[in-house]
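Please read the following with the structure open beside the text. The paragraphs go from single positions to pairs, clusters and the surface.

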Amino acid sequence: MELTIFKALAAFALSFGLIKLLKPVSRKIGLVDKPDERKHHESAVPLIGGLVIYLTLLILGMLFVANSTALIAYYISAGMLTLVGVFDDRFNISVRLRILATFIAAGIMMYFAGTIFTNLGNMFGLGDVVMPIWLAVPFTLIAAFGIVNCMNMIDGIDGLSSGIAIIAVASILITLDFTTRLKAPIIVFIAAILAFQVFNLQLSSRLHKVFMGDAGSMMIGFTLIMMICYCTQATATRGPRFEAVTGLYFLGLPLIDMVSTVLRRMKKGKNPFKPDRTHAHHIFMLAGFSPRQTLVIMLCIAALINGMGILLNELQAPAWLQFGLFILLFVFYFQGIQHGFKLSHLLQKVHGERVAS
């Protein structure tokens with residue numbers, strides 16, 4: 001217990017210190033997020049959160065975690081994605097290059113760590129869905145890209161994507177009864193993100209804001225999908241720790257929100273991947289909630305979805321039931337957001353007419 005607390009404190013302190021150290025550097029090299037028509041912050045904000053979290057994982061992981069081929073593969077692949085994200089934050093590189101980097105990173109994990117989705121469990125009630133290697137490889141690549149992208153898309157207000165990541169990895173740790181080789185990396189991961197949150201949410205007036213950046217959303221999304229793959233797929237030495245479908249709940253809010261947003265844009269004939277302000281958190285703010293209130297609401301929703309996954313796993317619910325409930329959850333969310341979007345616009349219209357009169 002004392003060692004776990006020490007690791008957490010060390011990770012928090014290192015992450016905090018790296019942010020203080022790298023902030024002036026980021027401004028000198030132009031690694032900042034500047035305000036525009038979609039970004040309403042008042043001045044340029046350093047984009048170093050993702051880089052700091054990765055460096056904390058790498059440094060303390062090398063010190064406190066027993067290194068293995070799989071872990072070294074993760075450090076290399078996640079480091080590559082973080083670096084690509086940093087270049088994207090600074091120079092705005094092409095989408096194709098980001099996709100290629102995600103595929104290469106996932107390929108490294110598949111080849112060297114054996115982290116590949118081959119068995120999705122009995123999700124349709126007709127027996128386990130076991131994929132041959134020629135199908136498992138592209139499925140894993142698409143899954144990695146999808147989760148990296150959904151974490152990027154939901155990163156719209158301070159503290160949201162990082163808060164969701166904390167809830168997700170904590171849910172994995174709870175589901176595994178705190179008995180897993182991932183315990184130390186998860187503790188370090190959570191503590192590093194918490195240090196970032198102190199700056200990102202400006203919990204002290206003396207601290208200047210920093211952002212996660214694409215480096216952070218790419219690295220965190222990749223970390224989450226690789227953890228879930230590791231925990232849900234059997235290997236020669238161990239069996240799966242929980243159902244692959246259960247992993248959907250741990251990625252629930254960003255995954256459901258991304259699919260809902262893409263479908264809503266396609267329904268309106270818009271580019272499904274062109275940024276706009278139609279995510280759930282934008283709708284809450286349109287309805288009159290402050291950014292901090294919206295953050296609390298969104299994190300509560302994420303915690304409820306994750307809690308459902310933990311409960312279903314604890315009750316040993318069959319995979320087909322978990323999948324069916326997840327689809328119902330998606331339908332409920334999609335319809336709720338549709339009606340919420342219309343209602344928020346109606347409230348804005350009524351408010352505008354009152355002000356005008």
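Thr 102 is a useful starting point: beyond four places in sequence, Thr 102 touches Leu 81, Ala 144, Phe 145, Val 148 and Met 218. The model is a predicted one. Thr 102 sits in helix H4, and with a relative accessibility of 1% it counts as buried, because the limit for that class is under 20%.

The next step is the nonpolar interior. In soluble globular proteins, nonpolar side chains tend to be buried together. Here the largest nonpolar core has 112 residues, and the members that touch the most other members are Ile 172, Phe 189, Met 219, Ile 220 and Phe 222. What does Ile 220 touch, not counting residues up to four places away in sequence? The contacts of Ile 220 are Met 151, Ala 165, Phe 189, Ile 193 and Met 212.

Met 151 can be followed further. Met 151 belongs to helix H5 and is buried, at 1% relative accessibility. With residues up to four places away in sequence left out, Met 151 touches Ser 161, Ile 164, Ser 217, Ile 220, Gly 221, Leu 224 and Pro 254. Met 151 also has a C-alpha separation of 9.2 Å from Leu 251, although the two are 100 residues apart along the chain.

Ile 48 offers another buried position, at 2% relative accessibility, but its place is in a loop, between strand S2 (45–46) and helix H2 (49–64). Outside its neighbours within four places in sequence, Ile 48 is in contact with Ile 19, Leu 22, Lys 23, Ser 26, Leu 31, Val 210 and Phe 211. The C-alpha atoms of Ile 48 and Val 32 are 8.3 Å apart in space, with the two positions 16 residues apart in sequence numbering.

Asn 313 is in helix H12 (residues 291–314). Is Asn 313 buried or exposed? At 18% relative accessibility Asn 313 counts as buried, because the class takes in values under 20%. Apart from its neighbours within four places in sequence, Asn 313 is in contact with Thr 175, Phe 242 and Thr 246.

Aromatic rings come next. Over the whole structure, a search finds 11 aromatic pairs. One of them joins Phe 12 and Phe 16 in a stacked arrangement, at 6.2 Å centre to centre and 25 degrees between the planes. Why are Phe 12 and Phe 16 separated by about one helical turn? The reason is that they are four residues apart in helix H1 (residues 2–29). Phe 12 is partly exposed at 31% relative accessibility, and Phe 16 is partly exposed at 25%.

A second pair, Phe 117 with Phe 139, is edge-to-face, with 5.9 Å centre to centre and 80 degrees between the planes. This pair links distant parts of the chain, 22 residues apart: Phe 117 is in the loop between helix H4 (95–113) and helix H5 (133–153), while Phe 139 is in helix H5. Phe 117 counts as buried at 6% relative accessibility, whereas Phe 139 counts as partly exposed at 33%. Returning to the stacked pair, Phe 12 and Phe 16 form one aromatic cluster together with Phe 199.

Nonpolar side chains also appear at the surface. Leu 83, Phe 87 and Phe 91 make a nonpolar surface patch of about 320 Å². Of these, Leu 83 has its place in helix H3 (residues 69–91).

The last topic is backbone geometry. Most residues other than glycine have a negative phi, and most peptide bonds are trans. Asn 92, not a glycine, has a positive phi of about 55 degrees. Asn 92 is in the loop between H3 and H4 and is exposed, at 62% relative accessibility. Asp 177 also has a positive phi, near 55 degrees, and is likewise a residue other than glycine. The loop that holds Asp 177 runs between helix H6 (160–175) and helix H7 (183–200), and Asp 177 is exposed, with a relative accessible area of 54%.

Key. Residues numbered from 1 in each chain as written. Predicted model: local features only at pLDDT ≥ 70, side-chain atom pairs only at ≥ 80, totals over all residues. Heavy atoms only, no water. Phe/Tyr/Trp six-rings, centres within 6.5 Å; stacked < 30°, edge-to-face > 60°. Helix = DSSP H or I, 4+ residues; strand = E, 2+ residues; numbered from the N terminus. Buried < 20%, exposed > 50% of the residue type's maximum accessible area, 1.4 Å probe, protein only. Patch = residues over 30% accessible without salt bridge, like charges linked within 9 Å, V, L, I, M, F, W, Y side chains within 5 Å. Areas by Shrake-Rupley, 256 points an atom, 1.4 Å probe, with all protein chains shown as cover. Salt bridge = Lys/Arg side-chain N within 4 Å of Asp/Glu carboxyl O. Core = buried A, V, L, I, M, F, W, Y, C linked by side-chain atoms within 4.5 Å. Contact = heavy atoms within 4.5 Å.
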